[in-house]
Amino acid sequence: MLKMSFLFVVLMGLLFWGLSWDLVYLVLVVVSLFFLMLGHYEYVDYTYLGNGLGGGLLGVVLAWLSVWIVMLMLLASLSTIKDNEVYFLVLMLVMLFFLVLVFCSIDLIWFYISFEAVLVPTYLLIIGWGYQPERLQAGLYLIFYTMFVSLPLLLVILWASHKNIGLMNVFTFNVISVLLFFCGVGAFLVKMPMFFVHLWLPKAHVEAPISGSMVLAGVLLKMGGFGLYRIGEYFVFMMKTLGMVWMSISLVGGAYMSFVCLRQSDLKALIAYSSVVHMGLVIGGLMTLSLVGLIGSFILMVGHGLCSSGLFCLANMNYERVHSRSIVMNKGMINLLPSSSLMWFLLISSNMAAPLSLNLVGEISLLGCLLSYSGFMMTVLVVLSFFSAAYCLYLYSSVQHGSLVKGTMPFYEMLVVEYLVLLLHWVPLNVLFLKLDFFIL
């Protein structure tokens with residue numbers, strides 16, 4: 001931990017002394033390759049990463065995903081941070097530092113500190129680079145929703161360390177054990193987010209800049225799934241007893257969110273609500289306590305991180321040209337940006353779990369796992385799957401087809417760097433399909 005902190009301080013010092021974009025990318029590429037190499041091992045030696053750091057394949061791959069998304073955030077934000085470039089780079093380095101700590105920390109206290117520290121740069125991103133005055137309210141939603149349920153988690157961790165017992169000893173079903181379980185998993189269910197506690201996510205997505213939306217969809221939601229996996233091993237008995245409650249809320253809420261997506265008129269809000277649908281499946285898979293459910297949730301988290309982040313990039317590219325997030329104002333874009341229509345099709349088809357995408361493998365694994373867990377899930381899963389495809393088709397047909405809005409001002413064609421950002425989202429999402437044994441835990 002001390003070695004990594006020293007490296008982080010050195011990078012920050014170099015940045016303030018005039019670190020260039022090229023050197024930032026070099027550092028990020030080296031770190032990403034390092035984590036990609038470590039991902040080939042089932043377990044990483046704790047001393048290899050330094051005192052207090054390590055982890056299995058799940059944490060290492062999510063750490064690599066964090067580095068990848070942060071690199072793409074820098075590419076996607078080139079046109080919006082020209083005035084305060086250094087501050088933005090500092091914020092990205094701070095965020096990346098804490099994200100890697102979240103996924104690679106062994107101790108639960110360090111995990112909790114890093115888990116909460118990521119909120120600070122995210123809040124500053126929304127407040128500092130957001131577009132609308134409502135970004136203040138969105139930042140408060142983000143902070144209070146997550147902090148309100150995080151304090152009970154800290155109390156549970158401190159209580160367990162004070163009593164010098166493992167949380168795995170909670171094998172009795174009484175009021176105290178149920179309360180401990182709710183306090184332990186509540187913070188991660190809000191972070192994912194689960195239905196009923198998801199209201200902060202669309203608000204934060206709509207008001208955040210492109211970099212904020214990318215990190216929210218690409219990495220921060222995965223922190224909830226990873227935390228549920230980490231804390232779930234201490235509450236196996238309680239998850240087996242009460243897991244059906246969270247599973248039912250998530251899946252029925254996901255089906256309801258699919259209907260909500262069909263009524264959306266805001267591009268970013270529609271993509272944000274679709275994240276709630278996917279995370280509902282992830283929660284259901286984790287609550288089954290099966291290996292197939294865990295692997296399916298793992299694959300879907302990685303696939304959703306790449307796919308949803310790419311969709312937010314596309315929505316932002318339209319917003320920079322049309323200056324509106326309304327689907328009505330973005331109609332007929334195939335006539336003005338025919339080259340972007342292919343990228344819309346590729347990413348939306350991946351979002352609806354078309355073949356050759358990680359989302360397909362993750363959803364098939366989760367559907368089979370949930371149906372084997374309970375046959376009563378059939379109805380809600382059919383509704384969820386069908387209407388997930390329906391709102392994806394609605395999004396594509398509404399944006400690309402239809403008559404152009406009168407008064408649309410002339411704008412420039414897509415840039416090479418924008419193609420690069422979109423392809424760096426889509427290529428791993430579909431190439432990793434060919435190496436599925438990489439995800440076997």
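Which residues form a nonpolar patch on the surface? That is where this set of close-ups of a predicted model starts.

**View A. A nonpolar patch on the surface.** Five names to look for here: Leu-356, Leu-423, Val-427, Val-431 and Leu-434 make up the patch. Together they offer about 450 Å² of accessible area. Leu-434 sits in the segment after helix H19 (416–431). With a relative accessibility of 68%, Leu-434 is over the 50% cut-off and so counts as exposed.

**View B. Phe-97 and Phe-98 pair edge-to-face.** The structure holds 18 aromatic pairs, and this is one of them. The ring centres of Phe-97 and Phe-98 are 5.3 Å apart and the planes are at 70 degrees, so we call the pair edge-to-face. As for cover, Phe-97 has 11% relative accessibility, which puts this residue among the buried ones because the limit is 20%.

**View C. Phe-115 meets Phe-188 across two helices.** Here is another edge-to-face pair: Phe-115 and Phe-188, with 5.3 Å centre to centre and 70 degrees between the planes. Phe-115 belongs to helix H6 (residues 108–117) and Phe-188 to helix H9 (residues 175–191), so the contact ties together parts that are 73 residues apart in sequence. Are these two rings buried or exposed? Phe-115 is buried at 1% relative accessibility, and Phe-188 is buried too, with a relative accessible area of 1%.

**View D. An aromatic cluster with charges over its rings.** Step back from the last pair and you'll find Phe-115 and Phe-188 in one aromatic cluster with Phe-103, Phe-111, Phe-226 and Tyr-229. Two of these rings have a basic side chain over the face. Lys-191 lies over Phe-115, at 4.9 Å from the ring centre. Over at Phe-111, the residue lying across the ring face is Arg-230, at 5.2 Å from the centre.

**View E. Arg-325 and Asp-266 form a salt bridge between loops.** A search of the whole structure turns up two salt bridges. In this one, the closest N and O atoms of Arg-325 and Asp-266 are 3.1 Å apart. Both ends sit in loops: Arg-325 between helix H14 (291–322) and helix H15 (333–336), Asp-266 between helix H12 (236–262) and helix H13 (267–287). That links distant parts of the chain, 59 residues apart. Arg-325 and Asp-266 are both buried.

**View F. Glu-418 and Arg-321 bridge two helices.** For this salt bridge the N to O distance is 2.9 Å. Glu-418 comes from helix H19 and Arg-321 from helix H14, so the bridge ties together parts that are 97 residues apart in sequence. Like the pair in the previous view, Glu-418 and Arg-321 are buried.

**View G. Cysteines without a disulfide.** How many disulfides does the count come to? Zero. Cys-104 is buried, with a relative accessible area of 2%. Cys-392 is in no disulfide either: the nearest cysteine sulfur belongs to Cys-307 and is 7.8 Å away. Since the cut-off for a disulfide is 2.5 Å, that distance falls outside it. Cys-392 is buried as well, with a relative accessible area of 2%.

**View H. Leu-201 in helix H10.** The last close-up is on Leu-201, found in helix H10 (residues 200–207). This leucine counts as buried, at 0% relative accessibility. Look for Ala-217 too: Leu-201 and Ala-217 are 16 residues apart in sequence, and their C-alpha atoms are 9.2 Å apart in space.

Notes
Residues numbered from 1 in each chain as written. Predicted model: local features only at pLDDT ≥ 70, side-chain atom pairs only at ≥ 80, totals over all residues. Heavy atoms only, no water. Phe/Tyr/Trp six-rings, centres within 6.5 Å; stacked < 30°, edge-to-face > 60°. Buried < 20%, exposed > 50% of the residue type's maximum accessible area, 1.4 Å probe, protein only. Helix = DSSP H or I, 4+ residues; strand = E, 2+ residues; numbered from the N terminus. Lys NZ or Arg CZ within 6 Å of the ring centre and 35° of its normal. Patch = residues over 30% accessible without salt bridge, like charges linked within 9 Å, V, L, I, M, F, W, Y side chains within 5 Å. Areas by Shrake-Rupley, 256 points an atom, 1.4 Å probe, with all protein chains shown as cover. Salt bridge = Lys/Arg side-chain N within 4 Å of Asp/Glu carboxyl O.
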